[in-house]
Amino acid sequence: MLVRRKLIREQALDVLARFGVKKAPVPIERLAEQLGARIVRGKAPDNLSGFVLREPNKGAVIIGVNSAHHENRQRFTIGHELGHFLLHKGQQLHVDRQWGGYQVKLRDEQSSRGTNIDEMEANLFAAELLMPIAFLDVDLAKLSTAQLSADEQINKLAEQYKVSEQALTLRLTYLGCIEQ
Ligand SMILES: [Zn+2]
């Protein structure tokens, strides 16, 4: 099974277009609500980043976020859970835990798709939603005229997009903007 890169990019762009988001920072919480999700924050162990719960009878979707995490990480978690919500419809409950850098999910229903593929897809969806290529192209072009080092540019962009420098660096590497 492979990550559905084209579909994921199209879905993220569709969400941004439908709700009129044209620049960073992407209002991830508003988008989640407009897509029918309710955000619930709570203190949780550090290795629990979030979950998405569908309540079939009520037609409601709840996205849980660990309130102890940094605001930027919470934003990424919301994007990640939205990815599961839109891309992995079979699951009623999906919990994201992290052990030693790996995202592991607890499944209450068997899925034929691989666990890691689902996680990669949810991460890619969050990245496409929070750091769309079209936005980055414009902002990188603006930054290139300033006399800034690569680190300074990443620092400024991360602030503007309200994402962690780590998430932004991964994104720019994925897009081929950073030497590996
Ligand atoms: Zn996940």
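A nonpolar core is a set of buried Ala, Val, Leu, Ile, Met, Phe, Trp, Tyr and Cys residues joined through side-chain atoms within 4.5 Å. I keep that wording at the top of the page for the first entry. The model I am reading is a predicted one.

**Entry 1: nonpolar core**

I looked up the largest nonpolar core and found that it has 40 residues. The residues with the most contacts inside this core are Leu31, Leu82, Phe125, Leu129, Met131, Tyr161 and Leu168. In soluble globular proteins, nonpolar side chains tend to be buried together.

I then took Leu31 and asked which residues it is in contact with, leaving aside neighbours within four places in sequence. The list for Leu31 reads Val15, Leu16, Phe19, Val21, Val26 and Leu129. Leu129 is also among the core residues with the most contacts.

**Entry 2: zinc site**

Which atoms coordinate the zinc ion? I noted His80 through NE2, His84 through NE2, Asp96 through OD, entered twice, and Glu119 through OE. The distances run from 2.0 to 2.6 Å. I wrote the sequence spacing of the donor residues as H-x3-H-x11-D-x22-E. Within this set, Asp96 sits in strand E4 (residues 93–99) and Glu119 in helix H4, 23 residues apart, and the pair links distant parts of the chain. I checked accessibility for these two and found both Asp96 and Glu119 buried.

**Entry 3: salt bridges**

How many salt bridges does a search of the whole structure find? I recorded 6, and went through three of the pairs below.

Glu128 and Arg9 meet through their side chains in a salt bridge at 3.0 Å, N to O. Glu128 belongs to helix H4 (residues 115–130) and Arg9 to helix H1, so this pair ties together parts that are 119 residues apart in sequence. Is Glu128 buried or exposed? I have Glu128 as buried, because its relative accessible area is 3% and the cut-off for buried is under 20%. Arg9, with a relative accessible area of 28%, is partly exposed. I also noted that Arg9, Glu128 and Arg171 are linked in a network of salt bridges.

Glu10 and Lys6 form a salt bridge between their side chains at 3.1 Å, N to O. Both residues lie in helix H1 (residues 5–18), 4 residues apart, about one turn of the helix. Glu10 counts as partly exposed at 43% relative accessibility, whereas Lys6 counts as exposed at 63%.

For Asp14 and Arg18 I read a side-chain salt bridge at 3.3 Å, N to O. They are separated by about one helical turn, because they are 4 residues apart in helix H1. Asp14 is partly exposed at 37% relative accessibility, and Arg18 is exposed at 52%. The value for Arg18 puts this residue in the exposed class because the cut-off is over 50%.

**Entry 4: Gly64**

Last, I looked up Gly64, which is found in strand E3 (residues 60–66). Gly64 counts as buried, because its relative accessibility is 4%. Which residues are in contact with Gly64 once neighbours within four places in sequence are left aside? I listed Val40, Ser49, Gly50, Phe51 and Thr77. I also took the C-alpha to C-alpha distance from Gly64 to Arg38, which is 8.4 Å, with their positions 26 residues apart in sequence counted as the separation.

Technical notes: Residues are numbered from 1 along each chain as its sequence is written. This is a predicted model: local features need pLDDT of at least 70, side-chain atom pairs count only at pLDDT 80 or more; totals for chains, interfaces and linings use all residues. Side-chain values use heavy atoms; hydrogens and water are left out. A salt bridge is a side-chain nitrogen of Lys or Arg within 4 Å of a carboxyl oxygen of Asp or Glu. Helices (H or I, at least four residues) and strands (E, at least two) are DSSP runs, numbered from the N terminus. Buried means under 20% relative accessible area, exposed over 50%, partly exposed in between (1.4 Å probe, protein chains only). Donors are N, O and S atoms within 2.8 Å of the metal (3.2 Å for Na, K and Ca); water is not among the atoms, so sites may look incomplete. Contact means heavy atoms within 4.5 Å.
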